[in-house]
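I opened the notebook to look up the empty spaces, the ligand shell and one helix pair. Here is the model I worked from.

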Amino acid sequence: MEQEQKRYLLGMTLQEITEAMVELRLPKFAGKQVADWVYVKRVKGIDEMTNISLKNRELLLGKFEVGRSDPLEVQTSVDGTRKMLFKTSNGHFVETVTIPDRERLTLCVSSQVGCRMGCDFCLTGKQGFQGNLSVTEILNQLYSAPNSEAITNMVVMGMGEPLDNYDNVQKALELLQAEYGLAWSPRRITLSTIGVKANLKRFLQESRCHLAISLHNPFPEERLDLMPIEKSTPAASVIEAFQEHDWSKQRRLSFEYILFDGVNDSPLHARELVKLLGGLSCRVNLIRFHVIPNSNLRPSPEENMIKFRDFLTAKGVTCTIRTSKGEDILAACGMLSTAHKH
Ligand code: SF4
């Protein structure tokens, strides 16, 4: 007889867990106890839930698993950045990174295996798309990171386009913020996207987390060469929607701009970028490009980056050059790929 697939508790809301307990004829309050074990006490197995009777734990074990799985590999960079490799339930692999920065430890999570957005500068994009991560798999990257309890912030900036897996990403972020979970403030979370319009609108309405938009070129036809998304969601339309949005609720908006030598790093580009942003309250993060195989793109020289930053700053745009971390273990921005694992 085929064995029934067990459900994962990690990824279920308190209400869903409580309903499941009632179905198993466990007391309703067991829902809160189980959620507490999974989300706050961070147990890996149902047998660790010691305030639940042995009989009830056995009932639970018949239908559920916590859903935790440890990384298969952990690599550590000379700068302390760590890259982890997780296996997904359908046999694929994703990478997750932790980045130390003074008192912060930021987790960079993946939302998909590969990505279908095909950005020219990104190794994940070159891998193609192999599937969405489930809520469990997104949260597991946080819960099963070796230094999980020290993590202070999270960026959804790893493999995949999070707004292309909106429902699962949004539910994972909600669970992270839930009172019965880790009760994180939305200010500790940043979602980074190239801007998938319909879901971007939903995100603005349904979430209070910070938002980062990958821009990389202010000229539409040039951006299209780098990022096919420009065709269906032009950056100008995204910024127009932002102009109409109410940003007073403490949400931070930033734009990511990778500087490529001779492609998007001229004074003309800097000027056009300022024009495109149109006085929007935001910050611009300039990122040094990390060379990837089979690409002619090269990083902009340091002096061009500084000039670009200084121009933006002089025009009143808050702008920083982001320090790069984890390059020696291929954990830096745009370098994540599990193509070789297939
Ligand atoms: Fe996908 Fe982001 Fe890479 Fe573009 S930059 S291919 S959206 S992972």
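I began with the largest cavity, which is lined by Phe121, Ile258, Ile287, Arg288, Phe289, His290, Cys333 and Gly334. I used a 1 Å grid over the protein atoms alone, where a cavity is a set of points that a 1.4 Å probe fits but cannot leave, and lining residues have an atom within 4 Å of a point. About 40 Å³ of space lies in this largest cavity; volume here is the space filled by probe spheres set on the points, with points joined across faces, edges and corners. Its lining has five nonpolar, two polar and one charged residues; Ala, Val, Leu, Ile, Met, Phe, Trp, Tyr, Cys and Pro count as nonpolar, Asp, Glu, Lys and Arg as charged, and the others, Gly among them, as polar.

A caution to myself: this is a predicted model, with local features needing pLDDT of at least 70 and side-chain atom pairs pLDDT 80 or more, while totals for chains, interfaces and linings use all residues. Residues are numbered from 1 along each chain as its sequence is written, and side-chain values use heavy atoms, without hydrogens and water.

How many cavities of 30 Å³ or more does the structure hold? I found two. The second largest has about 30 Å³ of space, and its lining includes Arg187, Arg208 and Lys249. By class I noted one nonpolar, two polar and three charged residues there.

Next I checked the ligand, and found Phe121 again among the residues around it, along with Cys115, Cys119 and Cys122 (a heavy atom within 4 Å). That shell has six nonpolar, three polar and one charged residues.

Key
1 Å grid on protein atoms, 1.4 Å probe; cavity = no way out; pocket = protein on both sides within 12 Å on 5 of 7 lines; lining within 4 Å.
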